[in-house]
Amino acid sequence: MEQILNKLSEIEITARRIMEDADRTKTALSAEMEQQCKAFDARLEQETDNKIKELRSSLEEKKNAELAALRQSTETALADLEVYYRQNHEKLSEEIFQKLLKH
């Protein structure tokens, strides 16, 4: 009987050690997973920031290119109007004068 109680006691001690080891392993794995989650979040945030910077830079370049093209086309249109005005100044003045006289 005493031998059975000793065996049961040994089994209980062994079971307690297994449970304690399992708790330590669980705690270690939990800490490791927490660390991996934080590292993933930090890496994802950095990648997101980098992508946003790239997009902003790209949009800024595109905006500047479009503005330069718009300035160029505006300057060309103004130059064309200036040339037209110089070539047709007399004719335009006469047309305006005639329209004023008719009213």
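Let me begin with a term that I will need for Glu 82 and for several other residues: a residue is called buried under 20% relative accessible area, exposed over 50%, and partly exposed in between. Please also keep in mind that what you have in front of you is a predicted model.

I will start with the overall form. The secondary structure of the protein consists of 1 helix and 0 strands, and that helix, α1, covers residues 2-102, with Met 1 in the segment before it. Along the principal axes, the C-alpha trace spans about 135 × 30 × 10 Å. The radius of gyration gives a second view of this, since a compact globule of 103 residues would be expected to have a value near 13 Å, whereas the protein has 43 Å.

How much of such a chain is buried? Of the 103 residues, 1% count as buried. The accessible surface comes to about 10,000 Å², and carbon and sulfur atoms account for 58% of that surface.

Let me turn to the nonpolar side chains at the start of the chain. Met 1, Ile 4, Leu 5, Leu 8 and Ile 11 together make a nonpolar surface patch of about 580 Å². Met 1 itself has a relative accessible area of 75% and is exposed, because the cut-off for that class is over 50%.

Now to the charges. The protein carries 17 positive and 22 negative charges, and the mean positions of these two sets are 3 Å apart. As a general matter, side chains of opposite charge can pair when their charged atoms come close. In this model the count comes to 4 salt bridges, and I would like to go through three pairs, moving along the helix.

In the first pair I will discuss, the side chains of Arg 24 and Asp 21 meet in a salt bridge, with 3.7 Å from N to O. These two residues are 3 residues apart in helix α1, so they are separated by about one helical turn. Arg 24 is exposed, with a relative accessible area of 53%, while Asp 21, at 40%, is partly exposed.

Further along, Glu 60 forms a salt bridge with Lys 63, and their closest N and O atoms are 3.2 Å apart. Here, too, the residues are 3 apart in helix α1, and therefore about one helical turn separates Glu 60 from Lys 63. Glu 60 counts as partly exposed at 40% relative accessibility, and Lys 63 is likewise partly exposed, with a relative accessible area of 39%.

The remaining pair on my list is Arg 86 with Glu 82, whose side chains meet in a salt bridge at 3.1 Å, N to O. Both residues lie in helix α1, and their spacing of 4 residues is about one turn of the helix. Why does Arg 86 count as exposed? The reason is that its relative accessibility is 63%, and the class begins over 50%. Glu 82, by contrast, counts as partly exposed because its relative accessibility of 36% falls between the 20% and 50% limits that I gave at the outset.

Finally, there is a group of like charges to consider. Which residues gather in a patch of negative charge on the surface? They are Glu 34, Asp 41, Glu 45 and Asp 49. Of these, I will single out Asp 41, which lies in helix α1 and is partly exposed, with a relative accessible area of 47%.

Technical notes:
Residues are numbered from 1 along each chain as its sequence is written. This is a predicted model: local features need pLDDT of at least 70, side-chain atom pairs count only at pLDDT 80 or more; totals for chains, interfaces and linings use all residues. Side-chain values use heavy atoms; hydrogens and water are left out. The radius of gyration is taken over C-alpha atoms; the globule rule is 2.2 Å times the number of residues to the power 0.38. Buried means under 20% relative accessible area, exposed over 50%, partly exposed in between (1.4 Å probe, protein chains only). Accessible areas come from the Shrake-Rupley method with a 1.4 Å probe; for residues, only the protein chains shown count as cover. Lys and Arg count as positive and Asp and Glu as negative; His and the chain ends are not counted. The place of a charge is taken as NZ of Lys, CZ of Arg, CG of Asp or CD of Glu. Patches are made of residues with over 30% relative accessible area and no salt bridge: like charges are joined within 9 Å, nonpolar side chains (Val, Leu, Ile, Met, Phe, Trp, Tyr) within 5 Å.
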